[in-house]
Amino acid sequence: VWATSPSVDQIIAQRLPLETKYRSLELGLQTGISQCAFRTIYTAAKSAVNPQIDPASIYQSLFANLNVGNTAQVQVKFDKQSFFDLHKAELDTLVRDTSIYDRPKLQAHLTAVRDLERTLAETMSACATPGKPAAVDFNQVPNRPELVDQQTTLIAAALACDLTRVLSFQYSNGHDNVPYPWLNYAGAHHDNLTHDESDVGVRAKRVEICTWYSKMFAQLLGKLNAIPECDGTLL
C-alpha cells in the first residue's frame with residue numbers, strides 16, 4: 001500500500017527554514033513506475049515523489065548556470081570581502097566608545113559574526129561545478145555502477161554549493177529483479193536469490209551484492225569527506 005505519512009527526509013525538509021534554492025532534492029537510479037512498491041519518498045500520505053534518474057538532466061537543472069562571468073566574479077569577490085575589513089575604522093570606534101560594561105558583550109557578538117562570516121566564506125570556496133556527466137543510457141542495468149558514480153558526484157556538489165540541505169537517493173525499486181553482470185551474476189536477483197537464501201551459494205551471492213551496495217554508499221561518503229568545510233569536511 002501507499003505510505004500513510006511523509007518520509008523522514010521530507011519531514012526534515014518541511015521543518016527546516018528555507019535558506020537554499022531547493023527545499024529538498026530527490027535523485028534515483030532506475031526507480032521504476034510510480035507504483036507503491038517502487039516508491040520510498042513521500043511529501044504526505046499517499047503522495048509519492050518520483051526521483052530524478054537522468055544524471056545529464058539533473059546536471060543541466062542544477063549546475064548549467066552556476067558559473068558566472070568575469071564582471072559578476074568581480075562583484076562576488078567584493079561581496080565576499082570581510083565585513084570587518086571593510087568597516088574596521090567604524091568598528092574600532094564603536095568598541096572604543098562603548099561602556100566598559102557593554103564592551104564584552106559587543107566584542108562577543110563581533111566574534112560570533114566573524115566566525116559566521118568565515119564559515120560562509122569557506123562554504124562558498126568549496127562550491128564548484130562538477131564535470132558534465134558522460135552520456136550513458138540511464139535505463140540500462142549494466143550501466144548502474146557508472147550511474148551511481150555520476151549521481152553521487154552530483155549529490156556531493158549540490159551539498160557543497162548549498163543548493164539544498166536535504167537530499168535523498170533511491171537505489172532502484174522494490175522488485176529489482178535484475179542481473180549484476182559487473183559481479184558476474186546473470187540470474188534474476190529478486191526471484192532467484194531473495195527467495196532461496198537457505199542455499200549456501202545463493203546466500204554468498206546475496207552477501208556479495210549487499211557488499212557492493214555498501215561500497216557504493218561508502219563511495220558517496222568518501223566524496224563528501226573530500227570536500228573541506230569549516231574545521232572539518234562536508235561529511
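This report walks through the overall make-up of a predicted model, the packing around helix 7, and a few residues worth a look.

## The chain as a whole

The chain holds nine helices and six strands. Of its 235 residues, 33% are buried. The accessible surface adds up to about 14,000 Å², and carbon and sulfur atoms supply 57% of that area.

Contacts across the sequence are worth a glance too. Taking the contacts with a separation of 6 or more, 67% are between residues 24 or more positions apart.

## Helix 7 against helix 9

Two packed helices are described by the angle between their axes and the distance between the axes. For helix 7 (residues 144–160) and helix 9 (residues 200–225), the axes cross at roughly 30° and come within 9 Å. An angle under 35 degrees counts as roughly parallel, so helix 7 and helix 9 are roughly parallel to each other. The crossing in which helix 7 passes helix 9 is right-handed.

Which residues of helix 7 and helix 9 meet? Helix 7 brings Pro145, Val148, Asp149, Thr152, Thr153, Ile155, Ala156 and Leu159. From helix 9 come Trp212, Met216, Gln219, Leu220, Lys223 and Leu224. Sorted by class, this contact has nine nonpolar, three polar and two charged residues.

## Helix 7 against helix 2

Helix 7 also packs with helix 2 (residues 55–63), at an angle of about 15° and with the axes 10 Å apart. Helix 2 and helix 7 are therefore roughly parallel to each other. Here the crossing is left-handed.

On the helix 2 side, the contact is made by Pro55, Ile58, Tyr59, Leu62 and Phe63. Helix 7 answers with Leu147, Gln150, Gln151, Leu154, Ala157 and Ala158. By class, the contact of helix 2 with helix 7 has nine nonpolar residues, two polar ones and no charged ones.

## A closer look at Ala158

Ala158 lies in helix 7. Is Ala158 buried or exposed? Its relative accessibility is 0%, so Ala158 counts as buried.

Setting aside neighbours within four places in sequence, Ala158 touches Leu25, Leu62, Phe63, Leu163, Thr164 and Leu167. Leu62 is a handy example of a partner from far along the chain: Ala158 and Leu62 are 96 residues apart in sequence, with their C-alpha atoms 7.6 Å apart in space.

## Asn143, ahead of helix 7

Asn143 sits in the loop between helix 6 (103–125) and helix 7. With a relative accessibility of 23%, Asn143 counts as partly exposed.

Not counting residues up to four places away in sequence, Asn143 is in contact with Val136 and Asp137. If you want another distance to check in your viewer, try Asn143 and Trp182: the C-alpha to C-alpha separation is 9.3 Å, while the two are 39 residues apart in sequence.

## Two positive phi angles in one loop

Most residues other than glycine have a negative phi. Ser172 is not a glycine, yet has a positive phi of about 65°. Asn184 is not a glycine either, and has a positive phi of about 60°.

Where is Ser172 placed? Ser172 is in the loop between strand 4 (167–171) and helix 8 (189–194). Asn184 is likewise in the loop between strand 4 and helix 8. Their surroundings are a nice contrast: Ser172 is buried, with a relative accessible area of 2%, whereas Asn184 counts as exposed at 71% relative accessibility.

## Pulling it together

Helix 7 is the thread of this report. It is roughly parallel to helix 9 and also roughly parallel to helix 2, with a right-handed crossing in the pair with helix 9 and a left-handed one in the pair with helix 2. Two charged residues take part in the contact with helix 9, while the contact with helix 2 has no charged residues.

Definitions and conventions: Residues numbered from 1 in each chain as written. Predicted model: local features only at pLDDT ≥ 70, side-chain atom pairs only at ≥ 80, totals over all residues. Heavy atoms only, no water. Axes fitted to C-alpha atoms, helices over the stretch in contact; angles between N-to-C directions. Helix = DSSP H or I, 4+ residues; strand = E, 2+ residues; numbered from the N terminus. Parallel < 35°, antiparallel > 145°, perpendicular 65-115°, else oblique. Left-handed = near helix turned anticlockwise from the far one by under 90°. Contact = heavy atoms within 4.5 Å. Nonpolar A, V, L, I, M, F, W, Y, C, P; charged D, E, K, R; others polar. Buried < 20%, exposed > 50% of the residue type's maximum accessible area, 1.4 Å probe, protein only. Areas by Shrake-Rupley, 256 points an atom, 1.4 Å probe, with all protein chains shown as cover.
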